[in-house]
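This report describes a protein model, beginning with its surface charge and then turning to its overall make-up and backbone geometry.

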Amino acid sequence: MSALYCYGVILQIFIICIFHVDLNAFIWPVTTPATTGQIAHNFSEAIAKIVEHFYIGEYRRRHFQFLFKVKNPKDRYFFQDIVDETTHLLENSITIFLGNGEPIPISNDMQFCILLVDSTESLGYLYDNIIQHHLYISGSYFIVLHTVPTPNHYYEELYEASHLSLSAGISHANILIYSDHNTILLFHDVSFSEFHCKANVPVVHNKFTKGQWLHRNFYVAKSKNLHGCTLVCATWEDMPYFQIKPNSNGSNFMGLEGRLLEYLAERMNFTIHFRWLNKKEINRTIYDQSHILDELFENGTDFVFGAFHYKPRLLNDSYTPTNPYFLSSYYFVISSRSEPFDHFVRLLLPFASEIWFILIIILVGGNIVLFTLTHMDRKLKYFLLGTKEQRPLYNMLVISLGGPVARDPLVPFSRFLLMVWLLASFVLRTIYQGLMFKFIKNDLRLSPPKTLAELLAFNYTPLMTETVYNTIKNMSRLSKRAVILNDSEVNSFEMLRHPERYDYIRMSILTAFEYFGYFKQNYTDRNEFYVVPQILFTQQLSIYMRKNSQFLNRFNTHIESFVNEGLMDRWERFLLFDGRHGIEHKEDSPKVLDMSQLFGAFSLLIICLGACVCVFILEICMSRVKRHIKGVCRRPCTEVKLNNTL
């Protein structure tokens with residue numbers, strides 16, 4: 001072996017001296033370790049290819065960030081050579097923002113960064129600064145991890161860097177490691193597979209050798225298939241949002257959020273372990289939402305849902321909402337059994353007050369004219385009514401109430417006048433009878449408010465939960481009158497079902513329409529409630545998870561698909577309207593009228609009969625008074641005659 005080596009060395013010297021050729025054109029079995037300059041050159045070429053093919057070619061980026069941080073000050077020159085040579089290779093093709101340990105907040109949407117570090121401590125420092133200066137840190141990160149001067153001992157550093165990326169919420173972080181023979185390996189972590197769940201397993205995804213990458217696929221979709229791994233979900237049962245219904249095949253998720261959760265689990269291929277919140281924790285989601293979410297995520301919860309309102313994400317928040325999946329609209333709901341009309345007022349409902357006023361004027365005016373004609377000029381009376389005895393005032397009133405004509409008029413003018421009055425009274429009576437039957441049948445009550453202004457003007461007491469009150473507490477006109485419920489919206493609807501128990505106090509419940517629709521669909525008669533048509537406010541609902549969670553983008557993608565495919569609208573119609581698109585079919589079967597509906601008519605009849613009795617008694621008294629007066633008058637006359645006789 002040594003003889004062959006000596007022979008090779010002598011041959012090299014001979015070729016150099018005689019032919020003056022470059023030995024770099026040959027491949028020799030004996031290799032020497034690459035220098036720091038060669039390693040920096042290889043990294044520069046690899047980074048330039050990534051930027052050209054991935055950042056510029058696929059994402060059409062016009063700029064990216066070049067950040068480096070070194071633990072050992074001597075390593076700065078190595079990374080500076082990479083930056084200088086990469087900048088030279090990418091000259092005039094893309095803008096490079098260079099930061100020496102401090103990120104530049106150039107975008108709040110997607111981050112595209114090349115990170116140069118010599119240790120995981122340096123990588124953690126860069127991550128902390130990126131999170132501090134950016135609201136969103138999702139994007140694509142390529143990390144050059146080179147532990148100078150021993151680049152081959154990277155195993156522990158590689159695992160720590162992968163774990164650090166996942167802990168920071170950066171799921172798409174690729175790590176570049178220099179290997180032997182001028183080869184650069186590109187690693188990415190696989191958290192979920194058929195063999196492990198939520199593990200930190202770096203695998204080789206690509207390799208740079210001889211100035212080229214093996215392929216141009218630098219992006220690997222994370223959390224696309226979780227291979228049946230278990231995710232922890234914190235929630236509680238609250239219909240119409242979520243409920244578990246056992247069946248022969250296991251469990252079925254019910255409710256708006258239940259159907260969405262079932263869709264996400266199927267698309268992402270994961271199973272669910274529920275972390276059920278107790279009553280105290282549920283109350284904390286109202287009073288202390290940020291701290292309870294922090295506690296849940298620190299204890300291993302992956303996501304939380306429970307009809308949480310979407311709130312814009314703040315820089316200091318440790319949690320983030322997904323894209324909204326449902327638009328919740330808040331209405332005032334009141335009882336349709338409002339205060340009933342007075343029994344005598346019901347008799348006047350078929351006609352408006354103006355029509356009643358005109359009818360009274362016609363009757364009074366007609367009676368005045370007839371009284372004038374019959375008592376002022378006898379010849380005119382005979383000309384209009386004939387010579388026979390007539391009672392025009394009585395006949396006018398009887399005909400208007402539908403009675404028969406007592407005696408036919410003899411004069412043509414009177415006949416014409418009678419025909420006109422018969423026709424007019426017939427039309428008015430028909431309209432009155434038809435409307436009166438409809439009002440009595442439908443148990444007509446006072447008209448409910450049509451707007452929020454009318455609701456407040458009618459002095460309705462607004463009832464609401466603590467969550468709703470926190471939303472409207474800045475509305476002074478409403479919050480001053482608000483009464484906070486000690487029960488849920490669904491259970492509080494029972495108060496509206498029985499207003500007679502509260503002496504018909506005008507109560508209204510401010511609630512999300514899905515609560516009202518679910519209660520109305522499953523528990524009560526469909527005509528017991530009335531919804532004020534005007535919406536007070538709307539609120540979007542979201543799922544919450546840890547800030548920059550690796551599941552966030554995948555959840556958002558499937559939530560958008562769930563909404564855009566119309567599945568949320570379908571389940572909303574099924575749960576709240578029973579598939580009828582909100583159209584209610586009122587029952588039109590005959591009803592038996594009870595005493596409460598006809599009490600006004602019977603009362604008026606009794607009053608009229610009482611008036612008749614009073615008139616009858618008055619007539620008897622008047623006749624006796626007249627007889628008494630006549631008797632008194634006759635006695636003096638008789639006495640006078642007797643005296644004259646005597």
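Patches are made of residues with over 30% relative accessible area and no salt bridge (a side-chain nitrogen of Lys or Arg within 4 Å of a carboxyl oxygen of Asp or Glu); like charges are joined within 9 Å. Lys and Arg count as positive, and the place of a charge is taken as NZ of Lys or CZ of Arg. Accessible areas come from the Shrake-Rupley method with a 1.4 Å probe.

The model is predicted: local features need pLDDT of at least 70, and side-chain atom pairs count only at pLDDT 80 or more, whereas totals for chains use all residues. Residues are numbered from 1 along each chain, and side-chain values use heavy atoms, without hydrogens and water.

R624, K626, R627 and K630 form a positive surface patch. R624 belongs to helix α21 (residues 595-645) and counts as exposed (over 50% relative accessible area; buried means under 20%) because its relative accessibility is 60%.

The protein chain has 21 helices and 20 strands, taken as DSSP runs (H or I, at least four residues; E, at least two). Of its 646 residues, 40% count as buried. The accessible surface of the chain is about 37800 Å², with 59% belonging to carbon and sulfur atoms.

The peptide bond from M239 to P240 is cis, with omega near 15 degrees; P240 lies in the loop between β9 (229-235) and β10 (243-247). Two asparagines with positive phi are tabulated below.

| Residue | Phi | Loop between | Relative accessibility |
|---|---|---|---|
| N92 | about 65 degrees | α3 (76-89) and β2 (95-99) | 78%, exposed |
| N459 | about 60 degrees | α14 (452-457) and β16 (461-464) | 54%, exposed |

Conventions. Patches are made of residues with over 30% relative accessible area and no salt bridge: like charges are joined within 9 Å, nonpolar side chains (Val, Leu, Ile, Met, Phe, Trp, Tyr) within 5 Å. Buried means under 20% relative accessible area, exposed over 50%, partly exposed in between (1.4 Å probe, protein chains only).
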